[in-house]
Amino acid sequence: MDITIIRGYLHESKNLSTVLHMNSILSFSLFLMTVQFSFSQTPAAGKQNPVLYRETARPEDKIQKTFPYDIKLKNADGKEFVSSSLFKQNGKPTVLLFWLTTCGPCKMEMEAIKNKYESWSKESKFNFFAISTDWSHNTEKFVERVKTSGWPFAAYHDFNQEFKYVMPGGLNGLPQVFVLNKKGEVVFHKRKYMPGDEDKLFEEIKKL
């Protein structure tokens with residue numbers, strides 16, 4: 001009902017009973033409009049507001065972009081390290097494998113490497129680090145995956161997601177593997193995983 005029309009009618013009416021009647025209609029109309037507005041502001045049942053996760057990485061220009069970097073990492077026991085203390089320039093090539101707990105191909109590649117890691121270690125000397133780029137709210141999943149997988153290599157969590165600012169390509173699409181030579185220079189880079197890729201990786205390691 002148009003409230004402007006009702007008010008005009010009230011102004012022109014000489015009959016008191018009519019005025020009282022129309023006042024009642026006006027009040028009821030305003031009540032219905034208020035109720036309708038209130039319901040329109042209430043979230044629909046079963047719908048949830050999107051969850052936003054805060055970026056915790058430092059500004060890109062504050063992060064050391066050369067090996068061994070200066071990025072904070074945590075192991076599955078919650079102990080915190082800085083990459084510069086873990087990634088030693090010890091005369092050996094270094095392999096950095098980046099993964100996610102929600103990434104199926106990541107799990108496949110890491111299992112394939114796990115099954116061959118012992119024989120690799122006997123044939124060649126190298127450093128190997130598996131680095132999760134999961135959001136910090138997935139820390140429990142990271143811990144569970146590491147503690148139940150029995151990997152023979154070290155695994156850490158880039159809980160501030162800063163490696164995307166220092167690795168070529170920004171870690172767009174996982175898994176990704178980087179091989180760095182004894183000087184800390186990237187000499188091999190691979191994205192995604194297909195069975196047999198682990199053997200190609202080892203061939204690159206042996207070249208160094």
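In this predicted model, Q161 sits in the loop between β5 and β6. Its phi is positive, at about 50°, although Q161 is not a glycine. Q161 is also buried, with a relative accessible area of 10%. That value falls under the 20% limit for burial. The residue therefore counts as buried although it belongs to a loop.

Q161 contributes to the lining of the largest pocket. This pocket holds about 160 Å³ of space. Its lining includes L100, T102, T133, D134, W135 and N138. D158, Q161, K164, G170, L171 and L174 complete the set. By class, four of the lining residues are nonpolar, five are polar and three are charged.

Q161 also lines the largest cavity. One cavity of 30 Å³ or more is present in the structure. The space in the largest cavity comes to about 30 Å³. R54, E55 and T56 belong to its lining, as do W135, S136, F159, N160 and Q161. Two of these residues are nonpolar, four are polar and two are charged. W135 and Q161 appear in the lining of the pocket and again in that of the cavity.

The loop between β5 and β6 also holds P175. The peptide bond from L174 to P175 is cis, with omega near 0°. L174, on the other side of this bond, is one of the residues that line the largest pocket. P175 itself is in contact with K190.

A second cis bond runs from F67 to P68, with omega near 10°. P68 is placed in the loop between α2 (16-40) and β1 (72-74). Y69 lies in the loop between α2 and β1 as well. Phi of Y69 is near 65°, a positive value in a residue other than glycine. At 3% relative accessibility, Y69 counts as buried. The cut-off is 20%, so Y69 meets the burial criterion.

Y69 is a member of the largest nonpolar core, which has 44 residues. Y69, F87 and F163 touch the most other members of this core. Several elements each supply at least two of its residues. Among the strands these are β3 (94-99), β4 (127-132), β5 (154-157) and β6 (176-180). Among the helices they are α4 (104-123), α5 (139-149) and α6 (197-206). Beyond its neighbours within four places in sequence, Y69 contacts F87 and F163. Q64, S83, S84 and L96 are further partners of Y69. V166, M167 and L180 are also in contact with Y69.

Two lysines differ in their exposure. K190 is found in strand β7 (residues 186-191). With a relative accessible area of 11%, K190 is buried. The side chain of K190 reaches the backbone oxygen of K192 at 2.5 Å. Leaving aside neighbours within four places in sequence, K190 is in contact with E109 and D197. Its contacts also include P175, Q176 and V177.

K182 is placed in the loop between β6 and β7. Its relative accessible area is 46%, and K182 is partly exposed. This figure lies between the limits of 20% and 50%, so K182 is neither buried nor exposed. K182 and N90 are 92 residues apart in sequence. In space, their C-alpha atoms are 7.4 Å apart. Not counting residues up to four places away in sequence, K182 touches Q89, G91, K92 and P93. L208 is another residue that K182 touches.

At the level of the chain, the secondary structure comes to six helices and seven strands. From the N terminus on, the elements run α-α-β-β-α-β-α-β-α-β-β-β-α. The protein chain has 208 residues, of which 39% count as buried. Contacts with a separation of 6 or more were also examined by distance along the chain. Residues 24 or more positions apart account for 67% of these contacts.

Technical notes. Residues numbered from 1 in each chain as written. Predicted model: local features only at pLDDT ≥ 70, side-chain atom pairs only at ≥ 80, totals over all residues. Heavy atoms only, no water. Core = buried A, V, L, I, M, F, W, Y, C linked by side-chain atoms within 4.5 Å. Buried < 20%, exposed > 50% of the residue type's maximum accessible area, 1.4 Å probe, protein only. Helix = DSSP H or I, 4+ residues; strand = E, 2+ residues; numbered from the N terminus. Contact = heavy atoms within 4.5 Å. 1 Å grid on protein atoms, 1.4 Å probe; cavity = no way out; pocket = protein on both sides within 12 Å on 5 of 7 lines; lining within 4 Å. Points joined across faces, edges and corners; volume = space filled by probe spheres on them. Nonpolar A, V, L, I, M, F, W, Y, C, P; charged D, E, K, R; others polar. Polar contact = N/O pair within 3.5 Å; in protein donor to acceptor, adjacent residues only side chain to side chain.
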